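Q: Please take a close look at the salt bridges of this chain. Then set them against the rest of the fold.

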Amino acid sequence: MTGVADAARRRRSRSKVTDEAPTREQLLSYVEAASTVADHSGLHPWRLVELRGDDRRVIGRSLSAATGADEKSTRKAEEKSLRAPLVIAVVSSPVESRKVPEWEQESVASGVAHLLSLVLDDEGWGVFWRTGTDTRHEAVHRAHGLAPHEKLLGWLYVGGRTERDEKPRKLLEPGRFVSAPGSATA
């Protein structure tokens, strides 16, 4: 197997990245590739928010506001939000549709995020998808400028790869997850 299957097998979350990041032009090219994800009725029910420089601090500040953190904890959270030079907020932005329910549209947005992380990884960038229980808190929602109907799915932290994170990916036993009709396990 070659191509996409090999890229998927190699992909891994890289929590430590360098200060290098894709340019805006590169990012747009990667998003174009990720936008080919399966999308019932072609609704494109997603958008991305590109955060660079001090704009990344909105993540730490809004998560601190969500938890009621003190000033010291807020500063620490802001610093954590700077651990990658590019952070991409992934937003589910559902469209009114009789045919496509909201949960399916949110799945499309998740698919874009995953495919974008695969493309970034295949292009040589380090990336990890951060989520958490406060991702959908009102303070986080407001801080990211989301419309009332939108939902934040998390952030893709993107930067250069470090040499130390090149260990091989651990693969699972696929037969445990594929079954015939009527043979589901509890």
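A: A network of salt bridges links Asp 54, Arg 57, Arg 61, Glu 78 and Glu 79. The model is a predicted one, and every value below is computed from it. One of the pairs is Glu 78 with Arg 57, whose side chains meet at 3.3 Å from N to O. Glu 78 belongs to helix α4 (residues 71-80) and Arg 57 to helix α3 (residues 57-67), so this salt bridge ties together parts that are 21 residues apart in sequence. Glu 78 counts as buried because its relative accessibility is 13%, and the limit for that class is under 20%.

In total, 14 salt bridges are counted. Such pairs can arise in general because side chains of opposite charge can pair when their charged atoms come close. One of them joins Arg 10 to Asp 122, with 2.7 Å between the closest N and O atoms. This pair links distant parts of the chain, since Arg 10 sits in helix α1 (residues 4-10) and Asp 122 in helix α5, 112 residues apart. Arg 10 has a relative accessible area of 46% and is therefore partly exposed. Asp 122, at 43%, is likewise classed as partly exposed. Both values fall between the 20% and 50% limits, which is why neither residue is called buried or exposed.

Another salt bridge is formed by the side chains of Arg 136 and Glu 106, at 2.6 Å from N to O. Here too the partners come from distant parts of the chain: Arg 136 is in the loop between β4 and α6, while Glu 106 is in helix α5, and 30 residues separate the two. Arg 136 is partly exposed, because its relative accessibility is 42%. Helix α5 thus supplies a partner to two of the pairs described here, Asp 122 and Glu 106.

Helix α5 also takes part in the packing of helix α2. In α2 (residues 24-34), the residues Leu 27, Tyr 30, Val 31 and Ala 34 are buried. They lie on the same side of the helix, because they cover an arc of only 100° around its axis. Exposed residues on the other side of α2 are Glu 25 and Glu 32. The buried residues of α2 pack against β2 (46-52), β3 (86-92), α5 (102-122) and β4 (125-130).

Two of those strands, β3 and β4, pair with β5. Strand β3 runs antiparallel to β5 and is joined to it by seven bridges, with Ser 92 opposite Lys 151 in β5. Strand β4 is also antiparallel to β5, with six bridges between them, and Trp 129 stands opposite Leu 156 in β5. A further antiparallel partner of β5 is β1 (residues 17-18), joined by two bridges, where Thr 18 faces Gly 160 of β5. Strand β5 is mostly covered, with nine of its eleven residues buried.

Trp 155 is located in strand β5. Its relative accessible area is 0%, so it is buried. Leaving out residues up to four places away in sequence, Trp 155 touches Ile 59, Leu 63, Val 87, Ile 88, Ala 89, Phe 128, Trp 129, Arg 130, Thr 135, Val 140 and His 144. Asp 121 is 34 residues away from Trp 155 along the chain, and the C-alpha atoms of the two are separated by 15 Å.

Val 140 is one of the contacts of Trp 155, and the next residue to consider is His 141. His 141 lies in helix α6 (residues 138-143). It is buried because its relative accessible area is 13%. Beyond its neighbours within four places in sequence, His 141 is in contact with Leu 146, Ala 147, Pro 148 and Glu 150.

The segment after β5 (151-161) contains Leu 172. At a relative accessible area of 54%, Leu 172 is exposed, since exposed residues are those over 50%. With Phe 177 and Val 178, Leu 172 forms a nonpolar patch on the surface, and the accessible area of the three together is about 350 Å².

Definitions and conventions. Residues are numbered from 1 along each chain as its sequence is written. This is a predicted model: local features need pLDDT of at least 70, side-chain atom pairs count only at pLDDT 80 or more; totals for chains, interfaces and linings use all residues. Side-chain values use heavy atoms; hydrogens and water are left out. Helices (H or I, at least four residues) and strands (E, at least two) are DSSP runs, numbered from the N terminus. Buried means under 20% relative accessible area, exposed over 50%, partly exposed in between (1.4 Å probe, protein chains only). Contact means heavy atoms within 4.5 Å. The arc is that of the directions from the helix axis to the C-beta atoms. A salt bridge is a side-chain nitrogen of Lys or Arg within 4 Å of a carboxyl oxygen of Asp or Glu. Patches are made of residues with over 30% relative accessible area and no salt bridge: like charges are joined within 9 Å, nonpolar side chains (Val, Leu, Ile, Met, Phe, Trp, Tyr) within 5 Å. Accessible areas come from the Shrake-Rupley method with a 1.4 Å probe; for residues, only the protein chains shown count as cover. Two strands pair if DSSP finds at least two bridges between them.
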